[in-house]
Amino acid sequence: MVILLIGGECSLMNALIDKLHKDKHRVYLITGKRERTRGYHKVFEKYNFPYDCDGIKEIFESTRPDVVLHMGAYDTNYDWSQARKESVRFTSELTNILSAFCGNKKGRFVYLSSQEVFGKSYPEEVKEEELVSAKSFKAMAVSQGETICKSYENTRGMETAVLRLDHLYGVPKKGKMEDNPCFDMILTAFKTKKIAANSRNEFSMLFQSDAVEFIARLVTAEHLEHDIYHISSGNRITQTELAELVKKNLGEGCEIHDDTVGTGHRLVLDGRRYKEEFGQTIFVGYEMGIKKVAQYMKRHEETFLKTEEYKNQGIGICHLIKSIILLLVPYAENMICFIPFFMLNNRAVGSQYFDRLDFYLLYVLLFAIVYGQHQAIFSSLLATAGYCFRQMYDQSGFEVLLNYNTYVWMAQLFILGMVVGYMRDQIRFVKNQGEEEIGYLSGQLDDMADINDSNVRMKHIFESQIVNHKDSLGKIYEITSALDRYGPEEVLFYAARTLSQLMDSADVAVYTIADKHYARLFSSTSKAAGKLGNSVEYKNLTEIYEELKEHRVYVNRTLHEGYPMMASAIYEGNQMQIILMIWGIPWERMNLAEVNRLTVVGYLIQNAVVRANRYLNALKEQRYVEGTQILDTKAFTQLVHAFEDAKRNGLTECTLVKIDSDKKLEKKGKKISVLLRQSDYIGTMEDSLYVLLPNTDQKNAVYVVKRIREIGFDSHVVTREVTA
């Protein structure tokens, strides 16, 4: 399944990636930032794109995801300390993502919400149909996200699902702030050494590892019966009980202050809808979960306190002062430049050459051209003040104000300055608009180039997988087709080695069905693979047999010590002929992908085995001494060589017993056959009659020799050099 995750880096995102990768899903990631984030080795492809860029649509078209998982309330790309501003950005970017995704003809959009959308106190568990009652800006933005998803589902026919997690908590990353009751209480204990707790405040918390399991289960489901689910542990806890657990795990040094006043607050989500549809088992309870969080935060206490201290610093004043200084710089520059122009104007008055030159007009034009209309007005005011001041050298202030020329000069100065400043502002506006458009198009081009590079890289990866990857059908067929090179007697031996290679397991066993009750070990790749013994009553292996008889692959999900990790059966018609057992598979690989691979490999091996059996049955009359069950010299010799080669390769154990022969093979063969197992072989070689004992070493073969001697035939174990 192709799954696209959308969200910033956090412990929840990391855990989801690990879980989905372990389940053999192809995971893509949109980080929401241009900055290069740390590498995710388990992500198939990562896109460093902001949510509001047009390239999001191309990403959806390139990846064609089956499911999109939006982190929603848990997206770390949003700074909710500025909730009013971020709420607008959150809803607009979510709308852009949904509008880009709705062009896909397939896929499900999953949005993560939280209990924050319910701001009131509820006497009963809150069901999915309950109307939201958000209070904070973040809660309103998250609830608005739910509404947007629902709107797109109704109007565009998209499949969307909303998951509300009930008070999610987990082990935080070092120095990272989180918003949950457990984290807040521990951080308060670090700062004040006191914990205020209200016994009337009741809620339910969900540990992160459990939440990841439940989210992955819903994300990968083929069909959803509802469009909104509550995921909750269902285990209620009061604030006082939480405080006691925190104090217990932090040790001495913090006190609990009883803050029980008023009616209290109760908020517990009802998770029965999810539980009935998908099943639910809580693995991490409050004792274990709070212990993990408290111990980790205690080890890294300084990092969390430093982050909190930095967060609360009064940096707003510094930022304000810096902004004011940057705003006043052009005005200060204007006033400084006015001084030399004032001096030049005073010197030009009465000069033969410069009397007609207006330095104030040049000064205003200069600042109008450089800074625009606002500075042109300010420089005009300074120039007017300087002009009036100079005129008062020869006239009184009252006379200057009554002088008609003064107002004419001021009018022309202001008109010229404002017109030039306005023209400058318009030119700059057009230029900036052009630069913004060029920058936008350049960004689009860069996005397209990045997506194209990603597509080319994925194309090469897919091509390599088709040819070389161990999961590809081409690679599987290449390995299994090697069975055709072996003789009919050797196929089952090397089927074990082929299965071991394809399933990447060193412990593989092949059992052949002897009768309706017993299966005999035919070959194995290790001693551990044959731990069930040379003969097993397979119908008594109830869990395995119930699955195999329905033509399904058995998976040991309960980790039963006496059972293989996986098993499959090979049929000929409706008859079970062979059982394949795999012991050495780690827990994380016991998933649907491995089941599918074993199924495909089993069918390919089955073709080779059935073909070999049919070949041997067709030549049955030619392979046996007429009228007996004794293999002729050619057939028996080939069989012995096959067992010895398999023994040399560590696939089986066998012993050859020689019987002094005479002309009466038929009579002697019948008597000896009674003493042998169904899986043993009797036949002739050039010098005598022999018995081949599969899965029997020389020590155990002595008992067979003894029984043969008891019926009057001399026999002994043949020692043949077989080196690995």
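In the predicted model, L656 stands opposite V718, a residue of strand β24. This pair belongs to the association of β21, which spans residues 654–659, with β24; the two strands pair in the antiparallel sense over four bridges. Both strands are part of an open sheet of four strands, arranged in the order β22-β23-β21-β24 with antiparallel pairing. The edges of this sheet are formed by β22 (681–684) and β24 (715–718), each of which pairs on one side only. From one strand to the next, the twist averages 30 degrees. Helix α23, comprising residues 698–710, packs on the sheet and touches β21, β23 (689–694) and β24. The direction of helix α23 makes about 160 degrees with that of β24.

A second open sheet consists of three strands in the order β12-β9-β14, and its pairing is mixed. Strands β12 (236–238) and β14 (266–267) occupy the edges, each pairing on one side only. Strand β9, formed by residues 202–204, runs parallel to β14, and two bridges join these strands. Within this pairing, E202 has R266 of β14 as its bridge partner.

Strand β8, covering residues 194–197, contains A196. The relative accessible area of A196 is 45%, and the residue is therefore classed as partly exposed, a category that lies between the limits of 20% and 50%. When neighbours within four places in sequence are left aside, the contacts of A196 are with Q239, H257 and D259. The C-alpha atoms of A196 and M185 are separated by 8.3 Å in space, the two residues being 11 positions apart in sequence.

A further feature concerns the protein surface. The residues I415, V419, Y422, M423 and I427 make a nonpolar surface patch of about 520 Å². One of these residues, I427, is located in helix α15, which extends over residues 404–468. The relative accessibility of I427 is 57%, so this residue counts as exposed, the threshold for that class being over 50%. I427 is thus assigned to the exposed class at 57%, whereas A196 in strand β8 is assigned to the partly exposed class at 45%.

Note on methods:
Residues numbered from 1 in each chain as written. Predicted model: local features only at pLDDT ≥ 70, side-chain atom pairs only at ≥ 80, totals over all residues. Heavy atoms only, no water. Pairing = 2+ DSSP bridges. Axes fitted to C-alpha atoms, helices over the stretch in contact; angles between N-to-C directions. Contact = heavy atoms within 4.5 Å. Patch = residues over 30% accessible without salt bridge, like charges linked within 9 Å, V, L, I, M, F, W, Y side chains within 5 Å. Areas by Shrake-Rupley, 256 points an atom, 1.4 Å probe, with all protein chains shown as cover. Salt bridge = Lys/Arg side-chain N within 4 Å of Asp/Glu carboxyl O. Buried < 20%, exposed > 50% of the residue type's maximum accessible area, 1.4 Å probe, protein only.
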